[in-house]
Every structure is written in C-alpha cells, then in structure tokens.
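Reader: I've got a new model open on my screen and I'd like to learn how to read it. Could you walk me through it?

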Amino acid sequence: MPREDFIAVDHFSFFYGPKQALYGIDMRIPERQVTALIGPSGCGKSTLLRNMNRMNDLIDGVRHQGDIRLNGNSLYDPKVEVISLRKRVGMVFQKYNPFAKSIYENVVFSLRVAGRNRKKELDEVVERSLRSAALWDEVKDRLHDSAFGLSGGQQQRLCIARAIANQPEILLMDEPCAALDPTATLKIEALIRELKEQFTIVIVTHNMEQATRCSDRTAFLYMGRLIEYGPTLEVFENPKQEETEAYISGRFS
Amino acid sequence: MPPNHPHIIRDFDESIRKLSESVISMGNQSRLNLQRAVEALIQRDIDRCKAVIADDSEIDEAERSVDAMGMDILLRFHPVARDLRLVISSMKAVASLERISDHAVNIAKRAKKMLSREEIREVRLIEPIYLMADELLRDALASFADRDSTTGRNLAVRDKELDRAHKRVVATLSQLLEEGGANSESYLHLILIVRSLERVGDLAVNVGEDAVFLDAAEDIRYAQRRYARESDDPDTDPAP
C-alpha cells in the first residue's frame, strides 16, 4: 500500500541569511506518484526541492525551521549522514551534466565511489538503469563510448539512469526538460510516467502543460508560500485560490 | 492577483471575449428565430415562415464559427481553469442553440403547411407553451452570459412545468384528432409544434447545465435530470 505521506513537509521555513525563502510549508507527498512544483521564478519551488535532498546545506548562512521527513524519518535528524541521504534521493538537473566518461562509467559512477567494483554487479546495474531510463536499446552497442557523443535528450536520460543506479526511493527533478527540444521533452515526460512505478518523483517545472501531462499532484508556490496543493486535474480545471488561477491562466504580472 | 486580471497575451483575452460574445449572439438569434416562427404561425404570415427557414443557415454558420474559434483557442493558447471551461461549454452550448433554431424551422415549416388550410382556434394553445420555453431559453442564455450557476441549476425543475403543460395540450389536441374531421391534419401539426417547444425547453436546460459547468466547474447533467424526474409524477416521460 503506497504511503500517502512518503515525503512529509512539516511547517517548513527556510532562510538564506536574513532573507526568508519559504514560509511554513506543509505538504504530504504520496509514494510512487509524480508531484509537480509550479510557480513564478523566485517563488521557492527549487529551494523546497533542494531541501528534500539537503542540497542547500553547503550554502553559508542558511537555516531552517520545521522538518521534512522521508518515509517517516527526519532529514534533519543529527544522526542522518548526508552521504547516505543522497543514496535514498536521486537528483536530475535542468542542464544535463554527464561526466567526461563513457556511458557505462557514468551510470556506475556512484557505485564505484562506494567501492562496488564487481563487474557482474556493475553490468547488471548498467542494463537495469539504462532500460529504466528508456536508453538501453539506443546505446547498448556503444556503452564504452563517450557520453558526450549522445544527443541532448539522450544525455539527460543518461543522467536519469545515473540518478537511479543506486535505486533511490525518491527522484527529484529540477526542470529536467528546460534544455531539451520538444521531442526529447516528450520522451523524458513519458519516462517520468513510467518511472513513477518505481520511484516517488518530485519535479519542478515552469512548463504548465508539462505539469498537466506528467504529474498526479500539483503544488503552486508564490513568494515562498504554498498557495494550493491538490490533484493536478483539479488544480488546472478548477483551482480553489485566485492566485493559482491567475498564474496558470497567464493572468499574472 | 484576481483571475480577471488581463492575460499576458492580449490576443488571448480578445479571443476569449469574441468566443463568449459569439455564443450569446447566436443564442439571441436562435431565440429570435423561435419567436418569429411562433408569430408566423399565430399571425398566419407566410413571408415570416420563409424568412425563418432561410435564416437557419446563419445559425449553422454561427455554430461552425464558434467551434472553429474554440479549436483555435485550444490549439494556440492551451487554456486552463475557467478559460478552458469557457471553451468547452461554449462548444457544447452552441450545439444546443443550433438545435433550437432547427426546431424554429420545424415550426415554420409546419406553420407554412397550416396556412394552406382553414384557420383553427386551437393555435392559441401554443402561445403559453412558447412563452414558457422562451423564458427558459432567455434565462439559460443569461446564466451563461453572467456565469450564474444558480439560475442555470434551477432550469431543470422549471422545465418540468413546461413538460406538464406540453402533456396537457397534447392530450387536448389528441382528443380532437381522434374525433376526426377536416382539421385533423392541422391538429397533428400542432401536436408536433408543441413537441418542438417542449424540446426547446430541454435544450435550454442543457445550456443552463453548460453555464453551471462554466461558473462552478460542476457537471450536473444527469443528477439534475434525475432529480427533476423523481420530483415529478411517475408517468412523466424520461428526460432525453
């Protein structure tokens, strides 16, 4: 039975020094569904996403209030090691960023860092991850070629394969299609729909049609506050809040 | 940031405004055609009968035009929320309005045939039925134009009054028809004219339901009809 509060954001506020970026966010993100975070630039959606992986820890002067729990465990528990957290949470960024290595080595990079070098295991991980990322058939005969020889869409799918190689529980995607052409974008969107069978996915997107196509739930953030959160079709057909309607309808200045 | 704030793309607001106005304009034209058809019947005016029949092609064209505008908006702007509901409900409403104009044409054609026969005083039975159908249509159009779901929601119950009146008039005319005589054909025409007016009431209810969807994002179609049916006597014909 998938958990309704797989990611629980509890009255979470976040500050960059004196500037408050998030104000008392409360959200329950269900397991093995796609949740889209939408809102105008600077609304806090990427900040919230990055906090689900504690990626903001390295920035000087940041602090938070409240908590985020993954599958019931606090991310901010002093006993939590960030390295082990990253194994539970995969991340895909706006600009595809494969390493200057072969396709194969890109996928197994995190396993090698963890000291796992058994060829049989690595081969299995490469095939499984590339198949899940819908890339296996296109690259199976050139696994040891440079990743840079792939098209942009293929490079982004390789980054997704790399992010899921460790079998994380959660996949965070920060505008994963922003640098791709329409066909490559549709392939990634189709992939997101497939990947939700295995992973809980949170995606930040500026593309409203992408949110409607890909996500099961949508959260609208504005000026650091969660304005509306609900099933995607309800949010786009009959939003409850005027700010949401203004934003998704293009009546926002 | 209220949702009636201007759209970032000015063309979009203009397209939405034109679409909305075209639906209401087409509705008023259908309503006028119905009025002229009934007037032609009562006043035995053959020229007006011909005009109603000829003007129907304008209504057909208006329906095609609204559908094309709706497709254009969907394709170019990918509307959501109330803008999306406006496009969908407009395209549905004009189908009902086009059917209403078809009923006006049916009435005009029957009126034309009746003109070649002796005038019968039972034609006057049509007027109260027409007035009820016209009020429903007027309020359906107002509910759509004003995004007034309360008025739109009430139409189904009001339509049952029209159904009852329709049944009474049909019973009277059927009795006369059974008695036979030289006016039998005219009585048959009147029965079918009353039937057309009863259908106009049903179609006005449909437009009201579209207005409820537009205003409140609720699909009340079958719940409304079921409620109206259950609140009526058991002999009532099922809603279409």
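Author: We'll go through confidence, overall build, the interface, the core and a few single residues.

Reader: Where do I start?

Author: Start with what kind of model it is and how far the predictor trusts it. This one is a predicted model. For the complex, the predictor reports an ipTM of 0.75 and a pTM of 0.83.

Reader: What is the mean pLDDT of chain A, and what is it for chain B?

Author: Chain A has a mean pLDDT of 93, and 100% of its residues reach 70 or more. Chain B has a mean of 91, with 91% of its residues at 70 or more.

Reader: Where in each chain is confidence lowest, and where is it highest?

Author: Look at it element by element. In chain A, helix H2 (residues 82-88) is lowest, at a mean of 86, while strand S10 (residues 225-231) is highest, at 98. In chain B, helix H7 (residues 221-230) is lowest, with a mean of 67, and helix H4 (residues 126-145) is highest, at 97. Also check the tail: over residues 234-240 of chain B, pLDDT stays under 50, and the model has 7 contacts there beyond four places in sequence.

Reader: OK, now the build. Which domains does the record list?

Author: Database features give you spans to look at. An unreviewed UniProt entry places "domain: ABC transporter" at residues 7-248 of chain A. That span is 37% helix and 26% strand, and its end C-alpha atoms lie 25 Å apart. For chain B, the UniProt annotation, again from an unreviewed entry, is "domain: PhoU", covering residues 24-110 and 132-210.

Reader: How much helix and strand do those two stretches of chain B have?

Author: Residues 24-110 of chain B are 94% helix and 0% strand, with end C-alpha atoms 27 Å apart. Residues 132-210 of chain B come to 91% helix and 0% strand, and their ends are 20 Å apart. The whole of chain B has 7 helices and 0 strands, so to speak a run of α-α-α-α-α-α-α along the sequence.

Reader: How does the radius of gyration of chain B compare with that of a compact globule?

Author: The trick is to set the value beside what a compact globule with that number of residues would have. For 240 residues that is near 18 Å, and chain B has 20 Å, which agrees. Its C-alpha atoms fill a box of roughly 70 × 40 × 20 Å along the principal axes. Buried residues make up 42% of the 240 residues in chain B. Then look at the contacts in chain B between residues at least 6 apart in sequence: 81% of them join residues at least 24 apart.

Reader: What about the place where the chains meet? How many residues of each chain are in contact?

Author: People often describe the size of an interface by the accessible area lost when the parts come together. Here we can count residues: 16 of chain A are in contact with 16 of chain B. On the chain A side, helices H8 (208-214), H9 (232-237) and H10 (242-248) each supply at least two residues. H10 of chain A gives the most, with 5 residues. By class, that side of chain A has 6 nonpolar, 4 polar and 6 charged residues.

Reader: And the core? Which residues touch the most other members?

Author: The largest nonpolar core has 132 residues, and A:Leu171 and B:Ala37 touch the most other members. Helix H3 (residues 81-115) of chain B gives the most to this core, with 15 residues. Beyond its sequence neighbours within four places, A:Leu171 contacts several residues, including A:Val92, A:Leu195 and A:Phe199.

Reader: Let me try a single residue. Is A:Val34 buried or exposed?

Author: Count the C-beta atoms around the residue; 20 or more within 10 Å makes it buried. A:Val34 has 26 others within 10 Å, so A:Val34 is buried. A:Val34 lies in strand S3 (residues 34-38) of chain A, and its contacts beyond four places in sequence include A:Ile192, A:Ile203 and A:Cys214. For a sense of distance, A:Val34 and A:Ile59 are 25 residues apart in sequence and 28 Å apart in space, C-alpha to C-alpha.

Reader: And A:Val204: buried or exposed?

Author: A:Val204 is buried, because 23 other C-beta atoms lie within 10 Å. A:Val204 is in strand S8 (residues 200-204) of chain A, and among its contacts beyond four places in sequence are A:Leu37, A:Leu49 and A:Met173.

Note on methods
Residues numbered from 1 in each chain as written. Chains lettered and ligands numbered in written order. Predicted model: local features only at pLDDT ≥ 70, side-chain atom pairs only at ≥ 80, totals over all residues. UniProt positions renumbered as here; feature names shortened; annotations may be inferred. Helix = DSSP H or I, 4+ residues; strand = E, 2+ residues; numbered from the N terminus. Contact = placed C-beta atoms within 7 Å. Nonpolar A, V, L, I, M, F, W, Y, C, P; charged D, E, K, R; others polar. Core = buried A, V, L, I, M, F, W, Y, C linked by C-beta atoms within 7 Å. Buried ≥ 20, exposed ≤ 12 C-beta atoms within 10 Å, placed from the backbone. Rg over C-alpha atoms; globule rule 2.2 N^0.38 Å. pLDDT = per-residue confidence, 0-100.
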